[in-house]
Amino acid sequence: MKNIELLVLDMAGTTIDEDNVVYKTLTNAVTDYGYEVSLDKVLSTCAGMEKLEAITSLLREINGNEEDAPAIFENFSDQLKEAYRKLEVKPINGTEDFLLKMKAKNKKIVLNTGYTSEIAHQLLNKLNWLQNVHFDALITADDVLESRPSPDMIHLAMKKFNITEADKVLKAGDSVIDVEEGKNAGCGLTIAVLSGAQSRAELEKAKPDYILKTISEAENIL
């Protein structure tokens, strides 16, 4: 098996179960603006993207006015903070164990996300996940110039831990964009999980190395 030294794991839907609240909130924020859009449409278009970019491409697809995107994004961000304050957030089954086992094997774990840093920290605080205990670093859309599927976040993760060969990196996520990000970075392993936003049929389009029910199943591969 490939010698994986670094695991770059998406957050919502991959390691964290937040009941798709992000995409539900995004759907609300867009419909508040008078556009008609379903949650399924939002999931298939926006999953894994930085959220302003996601709203812009959604408007493009439904022939909306892309200039509405910044205002919708503001509305979305406010609603999401509120939703997260009330939300019960939990790890996806088996994830906490998986993280601790990987850390025990001296593998580096980076959580990466299309969220802002503020929202990502809010999630981690709710879970009581601690840096150096459950994960080694958090990299968000705020830390890079280009968001997924650009490999910038993975390259930054590699740089942080002096890993020069991308084939020592595993990337896992619950959306096509996560898999594309991993492939664009040249990762040794790309894993799609069924615990989040997109279905097996959608994920298969990105041709990940594995499609697993949850990230904890990756233990058998590693």
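The domain assignment of this protein, which is seen here as a predicted model, gives domain 1 (6–18 + 90–220) and domain 2 (21–86). Taken over C-alpha atoms, the centres of domain 1 and domain 2 are separated by 23 Å, and the contact between them takes 16 residues from domain 1 and 16 residues from domain 2. The points below follow the two domains into the pocket, the cavity, the nonpolar cores and the cysteines.

**The largest pocket**
- The largest pocket has a volume of about 180 Å³, and of the 22 residues that line it, the closest to its centre are Ala12, Gly13, Glu18, Tyr23 and Asp174.
- This pocket lies between the two domains, because domain 1 (6–18 + 90–220) and domain 2 (21–86) both give residues to its lining.
- When the lining residues of the largest pocket are divided by character, seven are nonpolar, eight are polar and seven are charged.

**The cavity**
- A search of the whole structure for cavities of 30 Å³ or more finds one, and the volume of the largest cavity is about 60 Å³.
- The residues that line the largest cavity are Glu50, Lys51, Phe73, Phe76, Ser77, Leu80, Gly114, Tyr115, Thr116 and Ile119.

**The nonpolar cores**
- The largest nonpolar core holds 56 residues, and of these Leu9 and Tyr84 touch the most other members.
- Both domains take part in this core, which draws at least three residues from domain 1 (6–18 + 90–220) and at least three from domain 2 (21–86).
- A second, separate core has 15 residues, among them Ala137, Ile139, Ile154 and Cys187.
- If residues up to four places away in sequence are not counted, Tyr84 touches Glu18, Val21, Val22, Tyr115, Ile119, Gln122, Leu123 and Lys126.
- Two of these partners of Tyr84, namely Tyr115 and Ile119, also appear in the lining of the largest cavity, while Glu18, another partner of Tyr84, is named among the residues closest to the centre of the largest pocket.

**The cysteines**
- How many disulfides does the model contain? The count comes to zero when a disulfide is taken as a pair of cysteine sulfur atoms within 2.5 Å.
- Cys46 has a relative accessible area of 0%, so it counts as buried, for which the limit is under 20%.
- Cys187, a member of the second core, is also buried because its relative accessible area is 11%, which falls under the 20% limit.

Terms used. Residues are numbered from 1 along each chain as its sequence is written. This is a predicted model: local features need pLDDT of at least 70, side-chain atom pairs count only at pLDDT 80 or more; totals for chains, interfaces and linings use all residues. Side-chain values use heavy atoms; hydrogens and water are left out. On a 1 Å grid over the protein atoms alone, a cavity is a set of points where a 1.4 Å probe fits but cannot get out, and a pocket is an open set with protein on both sides within 12 Å along at least five of seven lines; lining residues have an atom within 4 Å of a point. Grid points are joined across faces, edges and corners, and a volume is the space filled by probe spheres set on the points. Ala, Val, Leu, Ile, Met, Phe, Trp, Tyr, Cys and Pro count as nonpolar, Asp, Glu, Lys and Arg as charged, and the others, Gly among them, as polar. Domain bounds come from an automatic or database domain assignment. A nonpolar core is a set of buried Ala, Val, Leu, Ile, Met, Phe, Trp, Tyr and Cys residues joined through side-chain atoms within 4.5 Å. Buried means under 20% relative accessible area, exposed over 50%, partly exposed in between (1.4 Å probe, protein chains only). Contact means heavy atoms within 4.5 Å.
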